Amino acid sequence: MDVEHHRFRWICTVDGIDTLALLALASLGLAHALRYAFLGSWRLFGAMAVVELLIVLAGAVAWRLRLPVIFAADAITGFVLGYTMNYSETTMFNVVFYVEASVAVLAAVAGTAVQIYCALRKRPAAVTQDDGIRPMWARGRRWLAVFLVLVVVLVGVWQGCAAYARSGSDARHEVWDVPSAMDAASSKPGSLQRVTYQTKAYATDRRSVTKAAYVYLPYGYTSHHKYDILYLLHGTGQTEADWLKNNQANKNVLDQLIAHRVVKPMIVVTPSFYVGDDCKGNLDALTYSFNSELRNDLMPFVESRYSTYAASATSAGFTASRDHRAFAGLSRGAVTTYHSAMCQSLDYFSWFGTFSGSRTSAADFRKTIRSARLRNYPIHYLYVSTGIFDFAGPGQAQDYRALLNAEPRLKPGANTRFDVFPMRYHSMGSWHLALYDFLQNIFKN
């Protein structure tokens with residue numbers, strides 16, 4: 001009875017609270033990192049292992065210094081990462097961050113309350129031992145030093161690599177940042193034209209609808225020259241203006257890569273998968289139905305008015321010119337890239353980019369691109385990207401591995417690549433870098 005009473009009293013001390021919290025954080029962190037180990041991406045696993053190590057080290061500092069208030073740092077980190085790396089509609093892979101944050105909050109509040117109570121009652125904060133012989137700093141300085149050194153090293157590596165990437169004057173593949181020279185406004189800018197076209201609400205009642213898109217024409221565009229064409233799709237909550245009209249840096253990159261002759265002059269079309277307010281509760285339906293709009297309305301409209309490699313704006317013309325046509329998108333636009341362009345229109349496209357989005361199973365790929373209708377068309381390139389702190393990352397890694405297992409036409413290092421951007425999350429900064437890298441990998445025929 002005395003032993004049980006002593007254990008209970010220990011749990012209710014600062015030592016007991018901090019120890020239990022630290023053990024909980026270590027267990028949760030290990031389990032979370034191991035989940036990433038099974039995704040098949042060592043970059044995502046390595047990043048998550050480092051993040052969890054930092055969380056545990058911060059908890060260890062609180063434990064050794066007997067300052068439970070330090071757990072508040074873990075709480076803030078957990079809630080920020082939980083918010084950034086989860087999306088309630090589609091992806092809650094990283095909910096463990098919320099659990100860790102809750103544990104840290106409890107430890108900080110309970111431990112601090114015990115300390116205040118002991119100070120007011122003039123009692124020692126620990127029952128097992130009053131470690132007052134050694135100063136508080138001596139107890140925890142090694143843990144604190146390790147924690148601070150690791151943080152400084154990581155931040156220094158990030159800042160140094162990002163600065164080096166930005167300082168470059170030549171275009172090259174990057175996972176850190178876009179070179180400043182490629183981000184600057186070009187002296188030979190392309191033009192943006194807003195066009196409207198007629199289509200139908202294919203996902204619902206098939207009513208007639210007027211929609212808009214932006215068409216980028218490279219500097220010096222002439223109808224006497226044939227151009228490769230890229231269809232570039234936005235994400236949830238965005239519009240056809242977001243890629244190039246509302247984010248000038250994306251247009252600058254396109255202008256600069258063309259001006260520096262890194263990529264060939266191309267036409268870029270930025271449409272929207274939205275059809276009025278249709279499918280508000282099930283936007284996934286639009287990721288599939290956009291294929292009908294693309295094939296029946298958008299492509300015939302655009303490629304009958306602008307000079308592409310399609311000899312005619314017909315199915316035969318589009319199939320014959322597929323080597324000169326690419327499709328890419330961000331977030332739900334990336335999902336649409338798979339569902340509509342790759343899985344349904346591989347006969348029209350041969351270059352693909354998916355930034356921060358996937359949600360396509362191996363069974364879906366086998367049923368579509370491995371079907372008799374599409375399995376003989378070559379896939380020239382598939383570029384996949386995500387940020388380390390992007391909620392879409394885990395699903396992308398799983399689906400990318402499933403795609404490689406199902407599709408022998410894709411060979412990593414040859415015609416497909418999966419980039420993970422350090423310190424990036426589900427934002428335009430990540431997609432801007434993805435666009436920069438993607439453009440350098442397409443239309444190499």
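## Overall architecture

The chain comprises 14 helices and eight strands, in a model that is predicted. Along the principal axes, its C-alpha atoms occupy a box of roughly 90 × 50 × 40 Å. Of the 445 residues, 52% count as buried. Among contacts with a separation of 6 or more, 76% link residues that are 24 or more positions apart.

## Surface and charge

About 19,800 Å² of the chain is exposed, and carbon and sulfur atoms supply 60% of this area. The chain carries 44 positive and 33 negative charges, and the mean positions of these two sets lie 3 Å apart.

## Helix H8

Helix H8 covers residues 248-259. Its end C-alpha atoms are 16 Å apart, which agrees with the 16 Å that twelve residues should span at 1.5 Å a residue, because the expected span is 1.5 Å times one less than the number of residues.

The helix is mostly covered, with nine of its twelve residues buried. These are Asn-250, Lys-251, Asn-252, Val-253, Leu-254, Asp-255, Gln-256, Leu-257 and Ile-258. The buried residues of H8 pack against both helices and strands: the helical partners are H7 (180-183) and H14 (428-439), while the strand partners are S1 (191-200), S2 (208-217) and S4 (266-270). Just after H8, Arg-261 adopts a positive phi of about 60 degrees.

## The environment of Arg-409

Arg-409 is located in the loop that runs between helix H13 (393-406) and strand S8 (416-421). With a relative accessible area of 17%, Arg-409 is classed as buried, because this value falls under the 20% cut-off.

Two polar interactions involve the side chain of Arg-409. One of its polar atoms lies 2.7 Å from the backbone oxygen of Ile-369. A polar contact of 2.7 Å also joins the side chain of Arg-409 to that of Glu-407.

Beyond its neighbours within four places in sequence, Arg-409 is in contact with Leu-346, Ile-369, Arg-370, Leu-374, Arg-375, Asn-376, Tyr-377, Ile-379 and Asn-415. Ile-369 thus appears both in this list of contacts and as the residue whose backbone oxygen lies 2.7 Å from a polar side-chain atom of Arg-409.

Terms used: Residues numbered from 1 in each chain as written. Predicted model: local features only at pLDDT ≥ 70, side-chain atom pairs only at ≥ 80, totals over all residues. Heavy atoms only, no water. Helix = DSSP H or I, 4+ residues; strand = E, 2+ residues; numbered from the N terminus. Buried < 20%, exposed > 50% of the residue type's maximum accessible area, 1.4 Å probe, protein only. Contact = heavy atoms within 4.5 Å. Areas by Shrake-Rupley, 256 points an atom, 1.4 Å probe, with all protein chains shown as cover. Lys, Arg positive; Asp, Glu negative; His and termini not counted. Charge placed at Lys NZ, Arg CZ, Asp CG, Glu CD. Polar contact = N/O pair within 3.5 Å; in protein donor to acceptor, adjacent residues only side chain to side chain.
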